[in-house]
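Got the viewer open? Here is a walk through the model, one selection at a time, with a note on what to look for at each stop.

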Amino acid sequence: MQHQVLLQLRGFPGDGGELTEIPGMHSSELEQMERLQRIGIAAAAIAKCCTKLLLQNQPSLANKQQQPQAHSPASPRQTSLPSLTTTNAHNDDAITRSIVNSAQQLLTEYFAQLIAIESDAVAGLFSLARTNLLLEPYKHVFPHLRDFLADLDTKQLHGIAVVDALYKLCNHTGNVNVRAMWMRLLKAANVVFGRVLINWIVYARLPSGGVGFFIQALNSSSSFERQSRWNTQFTLVSSNIPSFIPTQLAEDILFVGKAVDAIKKSDSKHSLVSKDSIIDKLLETTISELSILNNSPEFRVLEFSVAIKRVKKVVAGLLWEVVVIEENLLQHLKVCRDYYLLGRGEFWITFIEECDRLTRAAAARLAVVTEQDLSQLAASVSQSLGSSGDTFTTENSTFRNLRFKKVKTPSSSTSLYATALIGTPVRIEYNVRWPLDLILTDRDLDKYNEIMAFLIYLKRTQLRLQRLWMNCGLGVATGARKGSNSEGAKGNNTSKKNFIAKIWNIRAVMMFFVDSLWAYVQMDVLASEYHKLQFTITAPASELLEHVASSTVSPTHSGDFDSIQRAHTEFLDASLRGCFCETDDSGGGSGMKKFVGSTLKNCLVTCEGFTGFVERTINSGGMSDGGWNGAVEEARKLKEEFDRHSSFLFRIFAGVQETGVAASSGVNAKKAYHLEALLLRLDHNHYFSKA
């Protein structure tokens, strides 16, 4: 009997797999032999599955050739990171091999137990009950392991999908021995998973397709338009994210690898720290933090999340040094401030006036203003202002990629003010070199152009109202020189003077409104928000430079790339809110844009219409229908229209104050703050609110 049992435990059940009934054997003993037989059959099936899976997942030749290099003195940082690169996406699954090796170790322990039982049998100490007791843990473990390995083959599970399956199995069993087996396999899989993470986090190197990593590389676009490599080079594959990794954590892992890739490919010649030292620091930090994958008896999601957050903080600080210090981010932000936000006032005043002349000249010859005309005009204006180092004129300038571009197919998100400059939508394209496009993304440039269009329209209206003063003064002087003693001439001069006096009063009201709005936008919104952005960047920058200058000073505030991205996004969003140009529909933004933004647009359109009407009337000498008296009536109607729009605007302001929205929190409070700041400038003497 003992020979039959030992053969069964070795996976040799005998003829047809049937047990040979021994005379005098009790039924309970037969049941025990059947249990032992099932254990042996399962062990044989496991061994067969292991052999098959190992043959299916053999390391590629390239991988074998790279392994000795891992211990080469020339590459000390590779010692703990065997390469996962392969030439066959589905036949080189390192995670599956690691699990199979762990299963084979379990079989080795089982066969070692069999050797001990065989030794007892030779010594005459064999007992069926004792054998069942010794092999009791395998009774439940082997069937589950056999089915799992079979699923790896039949269901084509591979890579991180296997890790996810093991994690679920660990948390869905109540059998202590089975759970210990799942935890053992999961630990073996996590060793490889940890190497995959380290390869990505430290070297931005993706594993083979067989691993099924949840981050994949995208094909680079050959388009001539600027594309942010930060957003187009790597992407998350949501279907590959294991259940034990939250989406936010997967995004953090993606961020770390992309940041390392940005650091490695930065082409700055003046680096505060070498790239090798960055890699060394990342390797030390990552291995230290991710050691929980290898050393912990079970996988703890919370500890893993904290470890990734710590690594992300280190990487974000390193990327901050590359973007802020090496690539001189503040210089690029100054360019955006000068040209998108009209911070360089003398340039824009001259440019807007010259654009008006250029548009009139093009219309006279039945032509259109081209992008080349705008670029040449910008260069001419810069030269006339004596700025030899300007963006538009210096070929070797850091910011030479700033250029005008006409929008051929305006979308629904195109600014209400986009046609202010030349009658067709125009934007400025800023092609910054990578990795600065991590901060100045395409979406950010859209926001900059949205604000710029509003500011150009506002500034153009302000300039036209200012020029109206000269036209009115010229008209009065001309009328005085050409005065006559005839009654008709005196009556005509009187009507003209009444017209001039009328438009003078209207212009004063409109001028005050536009000047106050311009001061509010430039000082209360743009300057204030820009200073906040500068402080976020310069506070850690100044401390870092002090640390570099004096090695005895230890920086206490490390830079954070994430904080820069958030600060820049908040700066643009706050600027859009302050200019009432929000384009998104979230958080009530559409209502604010509808009621305040459109009302401001109507006020400015009325001012534009008023200046055009006055210029035409004065240039024609009051020869329009109704003469000067008719012009006075038309001016009165324009004044009433302006009063109607401004009154509606101040009713909104009054509603904000009465409901106390400003005391609320969140986005609505920020919008209410902008309303109150504008109200303070426009209605400090309660003129508009009383009207």
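## First stop: Ile 352

Select Ile 352 and show whatever touches it: leaving out neighbours within four places in sequence, you should pick up Leu 421, Ile 456, Lys 459, Arg 460 and Leu 463. Keep in mind as you click that this is a predicted model. Ile 352 sits in helix α15, and with a relative accessible area of 1% it is buried. Now add Ala 420 to the selection. Ile 352 and Ala 420 are 68 residues apart in sequence, yet their C-alpha atoms are 9.6 Å apart in space.

Stay on the helix and move to Asp 356, which is also a resident of α15 (residues 345-364). Is Asp 356 buried or exposed? Its relative accessibility is 7%, so Asp 356 counts as buried, charge and all. Which residues does Asp 356 contact, once neighbours within four places in sequence are set aside? Two arginines: Arg 460 and Arg 467. You have met Arg 460 already, as one of the contacts of Ile 352.

## Zoom out

Before the next selection, pull back to see the whole chain. The protein has 23 helices and four strands. Of its 691 residues, 47% count as buried. Look at contacts with a separation of 6 or more, and 77% of them join residues 24 or more positions apart.

Next, colour the nonpolar core. The largest one has 181 residues. In soluble globular proteins, nonpolar side chains tend to be buried together. For the residues with the most contacts inside this core, select Phe 142, Leu 149, Phe 214, Tyr 340, Trp 348, Phe 351 and Tyr 448. Helix α18 (residues 487-549) supplies the largest share of the core, 18 residues.

Pick Phe 214 from that set and show its surroundings. Not counting residues up to four places away in sequence, Phe 214 touches Ile 160, Phe 193, Thr 235, Leu 236, Val 237, Asn 240, Ile 241, Pro 242, Ile 245, Ala 250 and Ile 253.

## Helices α7, α8 and α10

Follow Ile 160 from that list into helix α7 (residues 160-170), where the buried residues are Ile 160, Val 162, Val 163, Asp 164, Leu 166, Tyr 167 and Cys 170. What covers them? Among the elements over the buried residues of α7 are α4 (94-122), α6 (136-154), α8 and α13 (301-326).

Now select α8 (residues 176-203) together with α10 (residues 247-264). Their axes come within 6 Å and cross at roughly 45°, which makes α8 oblique to α10. On the α8 side, show Leu 197, Trp 200, Ile 201, Val 202 and Tyr 203; on the α10 side, show Ile 253, Leu 254, Val 256, Gly 257, Lys 258, Val 260 and Lys 264. By type, the residues of this contact are nine nonpolar, one polar and two charged. Ile 253 of α10 should look familiar, as Phe 214 touches it too.

## Strand β4

Jump to Arg 427, in strand β4 (residues 426-430). With 18% relative accessibility, Arg 427 counts as buried, the cut-off being under 20%. Around it, beyond its neighbours within four places in sequence, you will find Arg 403, Phe 404, Lys 405, Val 407, Leu 445, Asp 446, Asn 449 and Met 452. Add Tyr 340 to the view: it is 87 residues from Arg 427 along the chain, and the two C-alpha atoms are separated by 9.4 Å.

## Two loops with a positive phi

Select Leu 342, in the loop between α14 (329-340) and α15. Leu 342 is not a glycine, but its phi is positive, about 60°. Its relative accessible area is 4%, so Leu 342 is buried.

Then go to Phe 580, in the loop between α19 (561-578) and α20 (589-619). Phe 580 is another non-glycine residue with a positive phi, this one near 55°. Phe 580 is buried as well, at a relative accessible area of 4%.

## Last stop: the cysteines

How many disulfides does the structure hold? Zero. Check Cys 50: the nearest cysteine sulfur belongs to Cys 49 and is 7.0 Å away. Cys 50 is buried, with a relative accessible area of 1%.

Finish on Cys 581. Why is there no bond to Cys 579? The closest cysteine sulfur to that of Cys 581 is in Cys 579, and at 5.2 Å it is too far for a bond. Cys 581 also counts as buried, at 3% relative accessibility.

Definitions and conventions. Residues are numbered from 1 along each chain as its sequence is written. This is a predicted model: local features need pLDDT of at least 70, side-chain atom pairs count only at pLDDT 80 or more; totals for chains, interfaces and linings use all residues. Side-chain values use heavy atoms; hydrogens and water are left out. Buried means under 20% relative accessible area, exposed over 50%, partly exposed in between (1.4 Å probe, protein chains only). Contact means heavy atoms within 4.5 Å. Axes are lines fitted to C-alpha atoms, for helices over the stretch in contact, and angles run from 0 to 180 degrees between N-to-C directions. Angles under 35 degrees count as roughly parallel, over 145 as roughly antiparallel, 65 to 115 as roughly perpendicular and the rest as oblique. A nonpolar core is a set of buried Ala, Val, Leu, Ile, Met, Phe, Trp, Tyr and Cys residues joined through side-chain atoms within 4.5 Å. A disulfide is a pair of cysteine sulfur atoms within 2.5 Å.
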